[in-house]
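Biologist: Hi, I'm new to this one. Could you walk me through it?
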Amino acid sequence: MAADDHTVLQLSTPSTANLSAKVHPLVIFNICDCYVRRPDQAERVIGTLLGSVLPDGTVDIRNSYAVPHTESAEQVALDIEYHHNMVVSHQKVNPKEVIVGWYSTGLGVTGGSALIHDFYSREVPNPVHLTVDTGFRNGEGTIKAYFSVNLALGDRQLAAQFQEIPLDLRMVEAERLGFDILKTTAVDKLPNDLEGMEVTMQRLLALIDDVYKYVDDVVEGRVAADNSIGRFISDTVASLPKLSPSVFDKLVNDSLQDQLLLLYLSSITRTQLGLAEKLNTAAQIL
Amino acid sequence: MANSMAKSFLQVAATEEVVSPLRVVQIEGLVILKIIKHCKEFSPALVTGQLLGLDVGIVLEVTNCFPFPIREEDEEIEADGANYQLEMMRCLREVNVDNNTVGWYQSTILGSYQTVELIETFMNYQENIRRCVCIIYDPSRSNQGVLALKALKLSDSFMELYRANSFTGEKLREKNLSWMDIFEEIPIKVSNSALISAFMTELESDTPVTQCDYDRLQLSSNPYMERNMEFLIECMDDLSVEQQKFQFYYRSLSRQQAQQQAWLQKRRADNMQRKAAGEDPLPEEDPSNPIFKPIPEPSRLESFLITNQIANYCNQINGVSGQSFNRLYLMKSLHDN
């Protein structure tokens, strides 16, 4: 009996203690868009996260959609049928994307969230809860991901604690290209090849200038030398292949000539097309 | 007084609303990301999807999109596809997304998208929607470091001709239509809501190191160029096949005309004889004679499309060569220093 009084508060540690999540920027865009389009009386938006679980345990969040819900002080109601319809539709396109969790806008985790999390954990073991602060309450838009951990006292479930997990924003190469135009509110035209090249080269130039300045500073003693950075720089400079100038020139000239040949071919083709078209439509039938 | 007012109202109601020409397609960043993601996931397979948005004057706003599942060639799944579309539209309507179809998007490989199917799809869409646009995204070019997104529309004169289904030389000369006029490319504008741009600005680190897109500085563009040239050569072959068809047509036409002339001469000679003999002259035309049957002129649609594709490939080659020049010179100067 005395032993019964000394029950220990157990926190069932999740077996995946070093869990983390990766989010694609598309998900953030989706969430913001749904937030902007929410019905007037709703304060926040709730939706499902789709994605996959990578073999090393990280959750890869790739897509999302909003689920209509009603919320009042006491209860939360979620449109479950809509949720299932959307999952089925999305899986028709991409069968690899499964439910991995849910999101809500707004800063903290509220009481209603626990209920919703419960619902989602019936669909998927260990769902991830993502909060996106669209109100910019801390002066910045914080995005946090949580896992729920059950607090149990002996046999009784007491509460669910939301533990934060590290979040990583991933961007695929092609998306990164378009990123500049995604940042501003309006872009007048998509940059074409050469303009993009120019921008990239300017950035590279800026990088090189920075490195130059740093080395100068170190040499003149303005900045303390950091050995690891120094090693990185020397590695980079050494990675330029050691070719004699004549060999290098020959390489460059060969490639240049190849490109020129291709350009010439394509211009010939275009001239040919122009001629052929004139001949074709100008032919008179008696 | 009231009469004249009523009449003016009738007049106003009777005047057709002037359709302002489409000048700009305004796409939201969300749509671009979705298109990129969908096309990239399934590349090299070609995928399509639907565009949703609003049609406002000279601007066509595209605010959302959803992908189509890859369709098997099966009859029952056709109905499934239609169901899927209705389901998606209904669900999106519930979350206040614009429910209006304004076009579709598709992915392509190396810009080889000018096919007859594209034109047919356009005509299908045009029946129901007054203005629709097709967005083409090329994931293979994006690996080269360019955001290859294009908005296309069929030109009006071409659509009229297509409906009449006649592509003879006469008609084309009348309309002054050349292969360049089939598709019209519309400039794209990107817009984002303020919330999203706030998020993005904050999420992206400001250090230039992570900002640099190294893909564009890659020196090796050879595989891409090789594939481009292969496609180009195939297209040239197709074009020469079409040319041969035309040659054959002209040759048979001139042969037929020679035959007609010969027959006419003979008929005339016969008639002279008959006149001399006092009989009725035979008619100078004989529609039942097979040499008078008109030979159909082959449609020029295919050759136009092929020419379009070739032009596209050439443009791409030009673009990539330009980039390569830049890169080579950059490398040269780096090395010299």
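Biologist: Let me start with a detail: is Arg90(B) buried, partly exposed or exposed?

Modeller: Arg90(B) counts as partly exposed, because its relative accessibility is 40%. Keep in mind that this is a predicted model.

Biologist: Which residue does Arg90(B) form a salt bridge with?

Modeller: With Glu87(B), and the closest N and O atoms are 2.8 Å apart. Both residues sit in helix α3 of chain B (residues 75–94), 3 residues apart, or about one turn of the helix. Glu87(B) is partly exposed too, with a relative accessible area of 23%.

Biologist: Nice. How many salt bridges does the structure hold over all chains?

Modeller: There are 6 over all chains. Some of them join up: Asp60(A), Arg62(A), Glu97(A) and Lys37(B) are linked in a network.

Biologist: Let's look at that network. What does Arg62(A) pair with, and at what distance?

Modeller: One partner is Glu97(A), with the closest N and O atoms 3.8 Å apart. That pair links distant parts of the chain, 35 residues apart: Arg62(A) is in strand β4 (residues 59–67) of chain A, while Glu97(A) is in the loop between α3 (80–93) and β7 (98–105) of chain A. Arg62(A) also meets Asp60(A) in a salt bridge, at 3.4 Å from N to O.

Biologist: And are those residues buried or exposed?

Modeller: Arg62(A) and Glu97(A) are both buried. Asp60(A) counts as buried as well, because its relative accessibility is 2%. For Arg62(A), the value is 16%.

Biologist: Changing topic: which residues form a nonpolar patch on the surface?

Modeller: Leu261(A), Tyr264(A), Leu265(A) and Ile268(A) do, with about 390 Å² of accessible area together. Leu261(A) belongs to helix α9 of chain A, which covers residues 245–282. With 49% relative accessibility, Leu261(A) counts as partly exposed.

Biologist: Back to chain B. How many helices and strands does it have?

Modeller: Chain B has 11 helices and 8 strands. Of its 337 residues, 48% count as buried. The chain exposes about 17,600 Å², and carbon and sulfur atoms supply 53% of that.

Biologist: What about confidence: what pLDDT does chain B average?

Modeller: The average is 74, and 74% of the residues in chain B score at least 70. Over residues 206–212 of chain B, pLDDT stays under 50. For the complex, the predictor gives an ipTM of 0.73 and a pTM of 0.74.

Notes. Residues are numbered from 1 along each chain as its sequence is written. Chains are lettered from A and ligands numbered from 1 in the order in which they are written. This is a predicted model: local features need pLDDT of at least 70, side-chain atom pairs count only at pLDDT 80 or more; totals for chains, interfaces and linings use all residues. Side-chain values use heavy atoms; hydrogens and water are left out. Helices (H or I, at least four residues) and strands (E, at least two) are DSSP runs, numbered from the N terminus. Buried means under 20% relative accessible area, exposed over 50%, partly exposed in between (1.4 Å probe, protein chains only). Accessible areas come from the Shrake-Rupley method with a 1.4 Å probe; for residues, only the protein chains shown count as cover. pLDDT is the predictor's confidence in each residue, from 0 to 100. Contact means heavy atoms within 4.5 Å. Patches are made of residues with over 30% relative accessible area and no salt bridge: like charges are joined within 9 Å, nonpolar side chains (Val, Leu, Ile, Met, Phe, Trp, Tyr) within 5 Å. A salt bridge is a side-chain nitrogen of Lys or Arg within 4 Å of a carboxyl oxygen of Asp or Glu.
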